[in-house]
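Here's a quick briefing to read alongside the model. Have the sequence and structure open as you go.

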Amino acid sequence: MFLTLLSLLDSTVRLATPLLLAALAGFYSERAGVVDIGLEGKMLVAAFAAAATAAIHGSAWLGLGAGILASVMLALLHGFACITHKGNQVVSGVALNIVALGLTAVLGNAWFEMGGRTPNLPADARFGEVTLPLAEALRGVPLLGPLYYELISGHNILVYLALAIVPLTWWIAYRTRFGLRLRAVGENPAAVDTAGISVTKLRYQAVLIAGLLCGIAGAYLSTAQGAGFQTNMTAGKGFLALAALILGKWKPVPTLFACLLFAFADALQTRLQGVALPGIGEVPVQLIEALPYLLTVLLLAGFVGKATPPKASGRPYVKDR
């Protein structure tokens, strides 16, 4: 029973990683006042670029770099539409998602002729598991040994990177001048502008960071969690990340717990498929697969209280003359 619970929690950490990276990407963008519906599209493009590059060059690190580059390019496009040209941020984000879905399928089919998929990546073209010091030696220690070996050790480096970015993001947001300005530009850009700080520059910096984090999230999906790219492999994870950001009330640490909650529901639904529950019997697969999304709807419906976004979120800044 204990090992089963550890295995479930281990899956939760792995499944939470792309959600967490995308949610933190949304944190930077939306804290700066730029709504980012396009997290899904940036992750998808990054997943394809990472898998395609890793398949051709046989390097997971080159794949990660290509994924970040592709995601940052889309982030710049979003910034160009929303910051420079004051376009509708929601429409721009939706457009990015549609473009990413079509572009990855077309390029995948044209380049690899595998129905939009990329070739399966060999082990040396993926991010492998990292065994932490003393994990093997402590494996036999009751309780703490399996906890350290099964749950804490054995993840790939992107998992540890994602977890490390949470306190880093908190420190940047609440303990640095850049973070203070970032939060201020999402609340009152006119005041920031009056202080002589460029609103445009700050918002571009925020969307670039969002692109970087979405790139890592996408590369994780295709070169760490998976062994290649499949059409629409993000499957709504960008929207779940946005929901986690809202549940976390645009704060990094609560957002982490929201991502873990969604990931736990996802890990649970995988294990419940085909299992007869006591007094209920076997639950239809479709209903079990919808568990994370049902949980999202229920939580967003009001179980977490009022969530107030940054005041200037979604509003292009037009300087008074």
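What follows covers one helix, the nonpolar cores and a helix pair.

This is a predicted model, where local features need pLDDT of at least 70, side-chain atom pairs count only at pLDDT 80 or more, and totals for chains, interfaces and linings use all residues. Residues are numbered from 1 along each chain as its sequence is written, and side-chain values use heavy atoms, with hydrogens and water left out.

**Helix α4**
- Helix α4 (a DSSP run of H or I, at least four residues, numbered from the N terminus) takes in residues 89–112.
- Asn-88 caps the N-terminal end of α4, with a side-chain oxygen 3.0 Å from the backbone nitrogen of Val-90.
- After α4 comes Glu-113, with a positive phi near 55 degrees.
- Buried residues (under 20% relative accessible area, 1.4 Å probe, protein chains only) in α4 include Ser-92, Leu-96, Asn-97 and Phe-112.
- The cover over the buried residues of α4 includes α2, α3 and α10.

**Nonpolar cores**
- The largest nonpolar core (buried Ala, Val, Leu, Ile, Met, Phe, Trp, Tyr and Cys residues joined through side-chain atoms within 4.5 Å) has 71 residues.
- Helix α9 supplies the largest share of this core, twelve residues.
- A second, separate core has five residues, among them Leu-8 and Ala-263.

**Helices α6 and α7**
- The axes (lines fitted to C-alpha atoms over the stretch in contact, with angles from 0 to 180 degrees between N-to-C directions) of α6 and α7 come within 5 Å and cross at roughly 75 degrees.
- α6 and α7 are therefore roughly perpendicular to each other (65 to 115 degrees).

Definitions and conventions
Helices (H or I, at least four residues) and strands (E, at least two) are DSSP runs, numbered from the N terminus. The expected span of a helix is 1.5 Å times one less than its number of residues. Buried means under 20% relative accessible area, exposed over 50%, partly exposed in between (1.4 Å probe, protein chains only). Contact means heavy atoms within 4.5 Å. A polar contact is a pair of N or O atoms within 3.5 Å; within protein, one must be able to donate a hydrogen and the other to accept it, and residues adjacent in sequence count only if both atoms are side-chain atoms. Angles under 35 degrees count as roughly parallel, over 145 as roughly antiparallel, 65 to 115 as roughly perpendicular and the rest as oblique.
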